[in-house]
Amino acid sequence: MADYVLAIDQGTTSSRAIVFDHSGRIVSTGQLEHDQIFPKAGWVEHNAEQIWSNVREVVGLALTRGNLAHTDLAAIGITNQRETAVVWDKNTGKPVYNAIVWQDTRTQAIVDELGGSEGADKYKSIVGLPLATYFSGPKVKWILDNVEGAREAAEKGDLLFGNTDTWVLWNMTGGPDGGVHVTDVTNASRTMLMDLDTLSWREDIAADMGIPLSMLPEIRSSSEVYGQGRPRGLVPGVPIAGILGDQQAATFGQACFETGTAKNTYGTGNFMLLNTGTEKVPSKNGLLTTVCYKIGDAPQVYALEGSIAVTGSLIQWLRDNLGMFEDAPDVEWLARKVEDNGGAYFVPAFSGLFAPYWRPDARGALVGLTRYVNRNHIARAALEAVAFQTREVVDAMRKDSGVDLTELKVDGGMVQNELLMQFQADQLGVDVVRPKVAETTALGAAYAAGIAVGFWKGEEDVTANWAEDKRWSPAMAEDERERLYRSWKKAVTKTFDWVDADVQ
């Protein structure tokens, strides 16, 4: 009897496979990091073939460590780093170029050209997104424009595009030998190419970007059977039945099914989603309107999203580029050595600023320095930057939706940092709540797949399985909270207008 569901979490820094039982408990895991490739300043790439190799290996690790066979799996779900674009030859299965990662800023000139006199909001009423380097469509145009022979091959119908969910699914279901070329509505909503109302590709926008429609995957719901594991693979015949972009998957795994519920994921970046129900809410305050999920034939559910480019990756930068500590969790140990930030503020605009500013001309800044400031203050300022940026998104959500948060559900690697979680509660003025199963991204994908095959009944099972682990309540005086935030807002302005036309 198939008693488990496997989730593949293809993330920005690693690929993981996690086996869950019916209660949503983790049974076994496998994880491998992949290379971060930085060919030029502002360019970020991944080797898509390495990602696929790692996915196969981590699936094998998870099954082996759980003493399981593929016959023990009821279904497989996929969740993934969104907006990271892979273009490959459908006949050979070989990518024509490295995957261009969501953080990559090389497409700024393309974005500016597409906007023309209408600017960044040219397509926003249709796709819910501003023109920005963040999204997949301009990345595909860059590949077709800059890789020799790519445009000709695309126009012949030989090239396929997908975010990494589509790349993994296509390979799992056969690759060049009958691989399924599909994405779900959540990933499609991050390309700048999908109409949010009809959930279909916009031929006119694809034409503006010079992208043949033949490259685009079929758009399906987030919970249905797309195909089965290829016969000679690790999971032959197992239904692959759920796909959710990573942040939507975390929202699903956190059981944010009621209109007005929200979660915040603390990962490479921070991503906060607010469920707005079956009505899309246009943002006037720098947020994204996106698809939250669509379960089978049920109506799609929308969300407002605040996307922050650099949070956890700032801690990685302090570790890897500056050598401030050996292990990322050590940042909390350093930060606890001081009572405050010493007047230092760290604005990590390494890829410009995302929500709510959308300023590609911004670059990172460490301000307010005096000789009093030491590395402990800098460590604390880096953690505080995560919380300050989240508060900016919460403020924008309140303005757009009229909803005041009563609490914030949190997940992701950084939620183990208790100093950060307390400071986050202090800055928001509401409780911050961590679930018992912090791997909510993988769990959300597992739920979507399991619901599709009847392993779980539906959203009620997800809600029943969710359990609170720890809660942090605000403890900071109001005047101190506002003083710190005022200084943060001043620090952010110091990052603007850094990139001139002749400087990238």
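A cavity is a set of grid points where a 1.4 Å probe fits but cannot get out, and its lining residues have an atom within 4 Å of such a point. The exercises below apply this to a predicted model.

**Exercise 1.** Describe the largest cavity by its volume, its central residues and the classes of its lining.

*Solution.* Begin with the space itself, which has a volume of about 70 Å³. Next, take the 13 residues that line the largest cavity, of which Ile308, Leu353, Phe354, Ala355 and Gln389 lie nearest its centre. Finally, sort this lining by class, which gives ten nonpolar, two polar and one charged residues.

**Exercise 2.** Determine which element gives the most to the lining of the second largest cavity.

*Solution.* The second largest cavity holds about 60 Å³ of space, and among the residues that line it are Met272, Leu274, Val394, Met397, Arg398 and Ser401. Strand E16 (270-277) and helix H12 (375-401) each supply at least two residues of this lining. H12 gives the most, with four residues.

**Exercise 3.** Characterise the largest pocket, and then decide whether helix H9, one of the elements that line it, is mostly covered or uncovered.

*Solution.* The largest pocket has a volume of about 1,100 Å³ and is lined by 39 residues, with Tyr266, Gly267, Thr268, Gly412 and Gly413 nearest its centre. By class, the lining comprises ten nonpolar, 19 polar and ten charged residues. Helix H9 (246-253) supplies at least two residues of this lining, while the largest share, four residues, comes from H10. Applying the cut-off for burial, under 20% relative accessible area, eight of the eight residues of H9 are buried, and the helix is mostly covered. After H9 comes Ala255, whose phi is positive, near 60°.

Key:
Residues are numbered from 1 along each chain as its sequence is written. This is a predicted model: local features need pLDDT of at least 70, side-chain atom pairs count only at pLDDT 80 or more; totals for chains, interfaces and linings use all residues. Side-chain values use heavy atoms; hydrogens and water are left out. On a 1 Å grid over the protein atoms alone, a cavity is a set of points where a 1.4 Å probe fits but cannot get out, and a pocket is an open set with protein on both sides within 12 Å along at least five of seven lines; lining residues have an atom within 4 Å of a point. Grid points are joined across faces, edges and corners, and a volume is the space filled by probe spheres set on the points. Ala, Val, Leu, Ile, Met, Phe, Trp, Tyr, Cys and Pro count as nonpolar, Asp, Glu, Lys and Arg as charged, and the others, Gly among them, as polar. Buried means under 20% relative accessible area, exposed over 50%, partly exposed in between (1.4 Å probe, protein chains only).
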